[in-house]
Amino acid sequence: MNTSEQVKKSVHIPETVTVKRFSEILGVPVSKTITELLKNKILATINDEIDFETASIIAQDMGFETEKDLSVKEGESLTLEKLLEICKQESETKENLRVRPSIVTILGHVDHGKTTLLDTIRKTNVAATESGGITQHITAYQTKKRGKVITFIDTPGHEAFSSMRERGISLADVAILVVAADDGVRPQTEEVIQYVKDKGIPTIVAITKIDKPTANVQRVKQELGDRDILIEEWGGKYMCCEVSSKMGKGIDELLESILLLSEVENFSANPKRDGLGIVLEAHLDPQKGPVATILAKTGVFKVGQDVFVGKTIGRIRRMEDWTGKNVTEAVPSMPITLYGLEAVPNANDIVQVVKTKIRLRSGSQISSSEESSVKHRINKILESDARKKVNVVLKADTQGSLEAIEQILDTFKSDEVVLQYIATGVGSITESDVRLAETSETVITGFNVEATSVAKRLAEESKVEIKTFKIIYELIDNVKSRMEALLTPEIIRTDVGEVDVLAIFKTGKKDMIVGGKVRKGRAKNGCFVEVKRNENIIGRGKLANLQQNKVNTDEAKQSTECGITFEGETKIKIGDTLACFFEEQKKKTIQTV
Ligand SMILES: Nc1nc2c(ncn2[C@@H]2O[C@H](COP(=O)(O)OP(=O)(O)OP(=O)(O)O)[C@@H](O)[C@H]2O)c(=O)[nH]1
Ligand SMILES: [Mg+2]
């Protein structure tokens with residue numbers, strides 16, 4: 001029989017598969033599969049795992065058509081990459097697909113007006129209530145234009161938050177590259193340009209703050225052009241909108257551009273499947289328990305469903321949309337706040353609905369094992385590192401900010417001092433944090449969190465210092481100065497002159513009065529003195545009083561004679577030289593790498 005005339009059977013193969021399972025999928029004996037593998041110079045036994053690519057070649061050799069099986073197995077922990085792959089494959093198969101709101105990520109350098117732009121779009125006022133006016137979290141919102149919904153993700157521009165920006169980008173259907181007209185392309189603008197180019201994300205340029213007197217729109221366009229972001233007006237492919245959030249100018253054009261791009265790209269998802277989404281932010285609320293802000297990527301989430309989220313699980317007790325209104329269902333591209341998880345998940349964890357009943361693990365079990373691994377890590381450093389330690393228990397409001405803080409602190413490098421995390425975590429500062437700090441002379445450092453009243457009382461009793469911050473770089477500066485305080489200062493010596501001793505007037509136990517002549521430079525009252533005999537330094541002291549013609553003076557010039565009160569235990573002799581100098585201590589600083 002000629003195989004080419006047969007209708008090829010299509011099989012779905014997972015990313016990795018055992019030889020046994022692979023044979024079952026193909027419906028052939030294991031021995032046949034092993035023989036085929038051998039023909040391709042792969043030696044594998046029945047329980048060995050092979051990857052999709054290998055399995056695919058073998059299956060095709062045996063007359064099958066192959067497709068990657070991207071269905072989610074119960075209990076399988078998904079990665080962001082796999083989630084995106086699932087969404088991509090779905091959009092290619094076009095089965096059950098419905099148009100969904102496009103996810104638009106706002107990116108750009110710090111203070112270039114991202115939050116204010118979104119604010120104006122939403123007509124609310126978030127930027128004015130942020131600590132220090134900078135965005136320190138990822139936030140997601142929805143808005144409507146011409147009856148069409150758009151999902152916006154705001155990202156922080158401060159350099160500390162590159163992982164949050166990257167996350168914002170991975171989710172974006174469309175990126176808005178914000179550049180302030182009065183400031184132009186800056187380091188984080190360049191970082192964003194690199195990201196969007198690498199990931200091939202459709203991008204719209206928004207030149208903001210055009211109302212400012214120092215605005216120079218042409219210069220911004222030029223700077224972008226120099227980096228291969230050529231706008232349409234200049235013959236390039238990038239749509240460009242000039243906006244002033246302050247005056248509400250150019251906003252409609254920007255929204256129109258987003259809708260135009262979305263119509264071309266026709267973003268869709270499958271609302272018939274179980275929900276799959278990603279955690280944007282998560283924190284522990286003292287009253288409500290773990291709270292996660294998630295973005296639904298595909299499928300539908302319903303109240304009452306069980307979910308896996310990274311390493312934790314839960315049942316969706318309640319969901320809120322971005323305005324805080326309760327909803328019973330979340331559809332693709334919808335940002336929602338989710339309540340009912342067992343523990344605080346990590347930013348970037350994938351949320352997946354599970355259908356079979358899951359046995360709930362105790363949250364305390366997870367944290368106790370995590371605590372022991374933290375301690376283990378610290379002890380290892382203690383043993384092997386001779387540097388001075390700055391100990392810290394670091395607590396933050398969300399996993400994302402914790403990550404960002406650790407990333408920056410890890411760039412502090414010194415040969416003398418090292419930062420040691422006694423523990424890190426998300427949520428309020430608790431009694432157990434204080435207990436950990438107590439035993440290791442540690443400052444508890446909190447970001448956007450408070451200490452519980454029990455923890456506060458315990459800290460006062462045991463004299464543990466708790467420092468909390470609302471602005472990330474103030475926290476960073478504080479930890480840095482704690483490290484710098486332990487650095488031995490650099491001593492800078494300035495030589496001022498040399499005096500030859502010609503006479504000894506008085507010899508006391510701890511001081512002497514001598515007479516001499518300034519041979520070189522000058523002698524200065526209050527300076528340090530080194531006593532030299534035959535070119536060897538034999539002692540050190542201080543010039544406590546300087547006189548010329550029996551009158552106190554501040555300095556004696558070269559070639560003049562003077563009387564010196566020397567404070568020190570060295571016994572000076574005629575013919576010795578007194579080297580005069582000053583010393584200044586200079587504080588060292590911590591370098592970043
Ligand atoms: N004149 C003028 N000022 C603006 C405009 N847009 C933003 N600003 C000001 O610029 C400053 C920074 O604005 P934000 O919106 O907080 O900037 P951001 O890009 O979100 O900053 P990060 O989130 O920290 O990266 C604020 O003082 C705003 O009032 C604008 O269109 N015109
Ligand atoms: Mg902002």
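**Exercise 1. List the residues that Thr577 touches, leaving out those up to four places away in sequence, and describe its setting.**

Solution.
- Start with the contacts. Thr577 touches Glu498, Val499, Asp500, Arg519, Glu530, Val531 and Lys532. The model is a predicted one.
- Pick out the polar pair. The side chains of Thr577 and Asp500 are joined by a polar contact of 3.3 Å.
- Place the residue. Thr577 belongs to strand E35, residues 577-586.
- Check burial. The cut-off is under 20% relative accessible area. Thr577 has 13%, so it is buried.

**Exercise 2. Decide whether Cys527 and Cys580 are bonded or unbonded.**

Solution.
- Recall the bond type. A disulfide is a covalent bond between the sulfur atoms of two cysteines.
- Set the cut-off. The two sulfur atoms must lie within 2.5 Å.
- Apply the cut-off. The closest cysteine sulfur to that of Cys580 is in Cys527, at 4.0 Å, and this is too far for a bond.
- Count for the model. The total is zero disulfides. Cys527 is accordingly in none, with the sulfur of Cys580 as its nearest cysteine sulfur.
- Add the burial of each. Cys527 is buried at 0% relative accessibility. Cys580 is buried too, at 1%.

**Exercise 3. Find the largest nonpolar core and the elements that build it.**

Solution.
- Take the size. The largest nonpolar core holds 25 residues.
- Name its best-connected members. Leu394, Ile405, Leu409, Leu419, Leu475, Ile476 and Met483 have the most contacts inside it.
- Assign elements. Two or more residues each come from strand E22 (388-396), helix H11 (399-409), strand E24 (417-426) and helix H14 (472-484).
- Zoom in on one member. Beyond four places in sequence, Met483 touches Val390, Phe412, Val417, Val418, Leu419 and Ile590.
- Note what lies apart from this core. Another core has 23 residues, including Val104, Phe152, Val174 and Cys241.

**Exercise 4. Test the length of helix H14, then locate its buried residues.**

Solution.
- Compute the span. H14 has 13 residues, and at 1.5 Å a residue it should span 18 Å.
- Compare. The end C-alpha atoms are 18 Å apart, so expectation and model agree.
- List the buried set. It consists of Ile472, Leu475, Ile476, Asn478, Val479, Arg482 and Met483.
- Find the side. These residues cover an arc of only 160° around the axis, so they lie on the same side of H14.
- Relate this to helix geometry. An α-helix has 3.6 residues a turn, so residues three or four places apart point the same way.
- Find the partners. The buried residues of H14 pack against E22, H11, strand E23 (412-413), E24, strand E25 (442-447) and strand E26 (466-469).

**Exercise 5. State how many residues of helix H6 are buried, and name them.**

Solution.
- Count. Eight of the ten residues of H6 (162-171) are buried, so the helix is mostly covered.
- Name. They are Ser163, Met164, Arg165, Arg167, Gly168, Ile169, Ser170 and Leu171.
- Follow one of them outward. Arg165 is in contact with Val192.

**Exercise 6. Describe the surroundings of Val192 and of Thr565.**

Solution.
- Place Val192. It sits in helix H7, residues 187-199. At 1% relative accessibility, Val192 is buried.
- List its contacts beyond four places in sequence. They are Leu107, Gly108, Arg165 and Leu177.
- Compare sequence and space. Val192 and Ala175 are 17 residues apart in sequence, and their C-alpha atoms are 9.4 Å apart.
- Place Thr565. It is part of strand E34, residues 561-567. Thr565 is buried, at 18% relative accessibility.
- List its contacts in the same way. Thr565 meets Met512, Ile513, Lys542, Leu543, Ala544 and Asn545.

Key:
Residues numbered from 1 in each chain as written. Chains lettered and ligands numbered in written order. Predicted model: local features only at pLDDT ≥ 70, side-chain atom pairs only at ≥ 80, totals over all residues. Heavy atoms only, no water. Helix = DSSP H or I, 4+ residues; strand = E, 2+ residues; numbered from the N terminus. Buried < 20%, exposed > 50% of the residue type's maximum accessible area, 1.4 Å probe, protein only. Polar contact = N/O pair within 3.5 Å; in protein donor to acceptor, adjacent residues only side chain to side chain. Contact = heavy atoms within 4.5 Å. Core = buried A, V, L, I, M, F, W, Y, C linked by side-chain atoms within 4.5 Å. Expected span 1.5 Å × (residues − 1). Arc of directions from axis to C-beta.
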